[in-house]
Amino acid sequence: MYNIKAKKKYGQNFLKDETVVEQIVQSIPNTKNALVEIGPGLGDLTKKLLKVKGVVAFEVDVDLYEILTKNFQDEIDNSKLKLINRDVLEGWDKNLIDTNYDLVANLPYYIATKIISRAFRDSNCKNILVMIQREVAVKFCANVNQKEFSTLSVLAQSVGEAEIVFDIPPEAFYPPPKVTSSILKISKSELSYDEDFEKFLRVCFIQPRKKLSKNLSTKYSKDIVFEILENLNLETLRPHQVTTPMYHQLYKILKGRIDGEFKSEKRG
Ligand code: SAM
């Protein structure tokens, strides 16, 4: 069907089911924001997105970039499509583009969580509608006390609301991935954390079935950790039993007490 060989190293699974592409487009939030696509691939989704509004697209693969440049010459000439040949994570320091945007993409799975957590911290990114593997999408949407509640759930709840819109079977792709995929929608309403908070959460959930106190003590002073957790009545809890607002409170108090440790961690 295609005479291009999909590159595994770039997580290339092309969406060939037109109905699914159409369903994604139907789920795009109705806003005045620009559209950003990461990994346009062969351009099937891009073509449909361009019917809605202008698109800025980042594609790392130079072969695909050349194909896209030919296929979308008119749209590029009349500035409807801005195509950028770049690894999207490189140089994404603060904002990916200068205006408010909604991110719509069938993401490369090997860096999907990195891209989403980067988009969380990008204040210009207002909404996210992405295809990722179902198992990870479930983590973004989990609630406190569910076993899937994890770093990704706390981050998602810190910026807004996450939901799975629908699932897509492997057969919808060429080549088919080994896993079921989901369309994940995240409506951002606020930005309430910095990069250190993310690092702190990774420590909290380092061993998800152990107690939070044990996990935090692997990185921060045991005495301080126990004192703070006792004051907050969290000393017996496991990481998935602590709510998102409580994680923010805990982080603020811990950071105040052991700021030096955060700083030395950064230098390292
Ligand atoms: N959007 C296409 C579709 O739905 O058929 C392709 C999706 S495919 C799962 C992921 C795409 O992301 C590929 O085109 C791949 O080359 C591109 N990609 C992988 N890593 C990337 C990166 N770091 N920056 C930008 N694009 C990347």
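## A tour that starts at the ligand

Select Glu59 and the ligand together: a polar side-chain atom of Glu59 sits 2.6 Å from an oxygen atom of the ligand. Keep in mind as you click around that this is a predicted model.

Next, add Leu15 to your selection. Here the backbone takes part: one of its N or O atoms lies 2.8 Å from an oxygen atom of the ligand. Then pick Val60, where a backbone N or O atom is 3.4 Å from a nitrogen atom of the ligand.

How much of the ligand does the protein bury? Taken alone, the ligand exposes 600 Å², and the protein buries 99% of that. Try showing the surface now: the space that the ligand takes up is the largest pocket.

Now show the whole shell around the ligand. It has 23 residues, and the ones that come nearest are Gln12, Leu15, Gly39, Glu59 and Asn106. Color the shell by class and you should get 12 nonpolar, 6 polar and 5 charged residues. Which elements give two or more residues to this shell? They are β1 (14-15) and β3 (55-59), so to speak the two to highlight in your cartoon view.

Time to zoom out. Switch to cartoon for the full chain and you can look for 12 helices and 9 strands. The radius of gyration is 20 Å, close to the 18 Å that the globule rule gives for 268 residues, so the chain is as compact as a globular protein of that length. Along the principal axes, the C-alpha atoms fill a box of roughly 65 × 35 × 35 Å.

Two backbone stops are left. Most residues other than glycine have a negative phi, and most peptide bonds are trans. With that in mind, select Ser79, in the loop between α4 (73-77) and β4 (81-85). Ser79 isn't a glycine, yet its phi is positive, at about 60°.

For the last stop, go to the loop between β8 (173-174) and β9 (181-188), where you'll find Pro175. Is the peptide bond from Tyr174 to Pro175 cis or trans? That bond is cis, with omega near -15°.

Key. Residues numbered from 1 in each chain as written. Predicted model: local features only at pLDDT ≥ 70, side-chain atom pairs only at ≥ 80, totals over all residues. Heavy atoms only, no water. Near = heavy atom within 4 Å. Polar contact = N/O pair within 3.5 Å; in protein donor to acceptor, adjacent residues only side chain to side chain. Areas by Shrake-Rupley, 256 points an atom, 1.4 Å probe, with all protein chains shown as cover. 1 Å grid on protein atoms, 1.4 Å probe; cavity = no way out; pocket = protein on both sides within 12 Å on 5 of 7 lines; lining within 4 Å. Sits in = over half its atoms within 2 Å of the grid points. Helix = DSSP H or I, 4+ residues; strand = E, 2+ residues; numbered from the N terminus. Nonpolar A, V, L, I, M, F, W, Y, C, P; charged D, E, K, R; others polar. Rg over C-alpha atoms; globule rule 2.2 N^0.38 Å.
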